[in-house]
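This report concerns aromatic contacts and strand pairing in a single protein model. The sequence and structure are shown first.

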Amino acid sequence: MTRSQQSSEWKRQLMDVVDDDFDVKDQVLQKLHERKKQREAISVKKRIGLIVAATLVLGGTTAFAAMKVYELKNDQGEAVVRISKTNEPDLDFSGDRNGIMNQIRETLQPGARVAVYIAGPDNPDKNVGFMEIPLMVAEQSELQKKVGSFFEIPQELVGGYEFVEGHINHQLNQDAAAFFDEVVKEAERDNKKVLVRDLPYNPKLQYLYLTYKASKGEVSVNLTNFENMKWISDEANSNETVEKVTVQKKEALYRVRKLNDSESKSVQVYQDDKKRLIEVRTMEPDITKEDLLKIAEKL
């Protein structure tokens, strides 16, 4: 795996093309069922500047067979992160929709935010995807101005990891469901198989992605804003490792994912007082579980 592939893997949760489920209800954006196998399929494709490609679903969820569920809970005892280990078979995501989404993505400039509707037999529920192309920022001080008080971006992490670059993904507007309905209606009225429309701008931060580097390699620090989010769920195959650990005197999750000839290691901890989920991730073989725990402890 090349360096560009390694540095891009941490963007994996933003590289879901057609299978993330979102439900916009009561002004709450709920992120559901991020498909691991789809992320893996995309992670080995041509690297592109993708921030978000997901699907808005107005009702219903995807059923799956869970073997065991690992949860992180907030101070009220509510689950904010669920990782379900499953025996679900590998899924094939090599369809026309993937190819069309990739073609659209390659035409967009950094900072672009669009909704994409692709009609066809593989989209019977008339789901609408959306994506935001990253505007990478190499100066910590410049990115800090954009992030504001949500998170104080360290110039250096424990272990000597220096800030390299970062970017922001913004929230959807609260009326996104209605906007997506209009996109579908327009496509059907004009008999268009593919329709791309600019998303209304929203300055609020949803995700923050930071890259750091030291002699051992790269580490990413990913933050999710839970101000308007209830919970996140994900699936882990039976050959993956998921275990409970302790970070900042609270329960956290450590996970090892198998990605072709490499593996991704990550630690997740939820900070209830800040309403944010922190994930420290790496694909470097020389960076250990203990290294990730030490970094997460000080964030």
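The following paragraphs describe ring pairs, then a charge over a ring, and then the pairing of one strand.

The model is predicted. It holds five aromatic pairs, and two of them are set out in the table.

| Aromatic pair | Geometry | Centre to centre | Angle between the planes |
|---|---|---|---|
| Phe-179 and Phe-180 | tilted | 6.1 Å | 55 degrees |
| Phe-226 and Tyr-270 | edge-to-face | 5.2 Å | 75 degrees |

Phe-179 is partly exposed, at a relative accessible area of 22%, whereas Phe-180 counts as buried at 2% relative accessibility. Together with Phe-130, Phe-179 and Phe-180 belong to a cluster linked by ring pairs.

In the edge-to-face pair, Phe-226 and Tyr-270 are both buried. Phe-226 lies in the loop between strand 12 (217–225) and strand 13 (232–237), while Tyr-270 belongs to strand 16 (residues 262–271); the pair therefore ties together parts that are 44 residues apart in sequence.

A further contact involves a charged group: the charged end of Arg-82 sits over the ring of Trp-231, at 4.4 Å from the ring centre.

Strand 12 is mostly covered, with nine of its nine residues buried. Strand 12 pairs with strand 11 (residues 205–214) in the antiparallel sense over eight bridges, and a hairpin of two residues joins strand 11 to strand 12. Within this pairing, Leu-208 stands opposite Leu-223 in strand 12. Strand 12 also runs antiparallel to strand 17 (residues 276–282), to which six bridges join it; here Val-221 stands opposite Val-280 in strand 17.

Conventions. Residues are numbered from 1 along each chain as its sequence is written. This is a predicted model: local features need pLDDT of at least 70, side-chain atom pairs count only at pLDDT 80 or more; totals for chains, interfaces and linings use all residues. Side-chain values use heavy atoms; hydrogens and water are left out. Rings of Phe, Tyr and Trp (its six-membered ring) pair if their centres lie within 6.5 Å; planes under 30 degrees apart count as stacked, over 60 as edge-to-face and the rest as tilted. Buried means under 20% relative accessible area, exposed over 50%, partly exposed in between (1.4 Å probe, protein chains only). Helices (H or I, at least four residues) and strands (E, at least two) are DSSP runs, numbered from the N terminus. A charge sits over a ring if NZ of Lys or CZ of Arg is within 6 Å of the ring centre and within 35 degrees of the ring normal. Two strands pair if DSSP finds at least two bridges between them.
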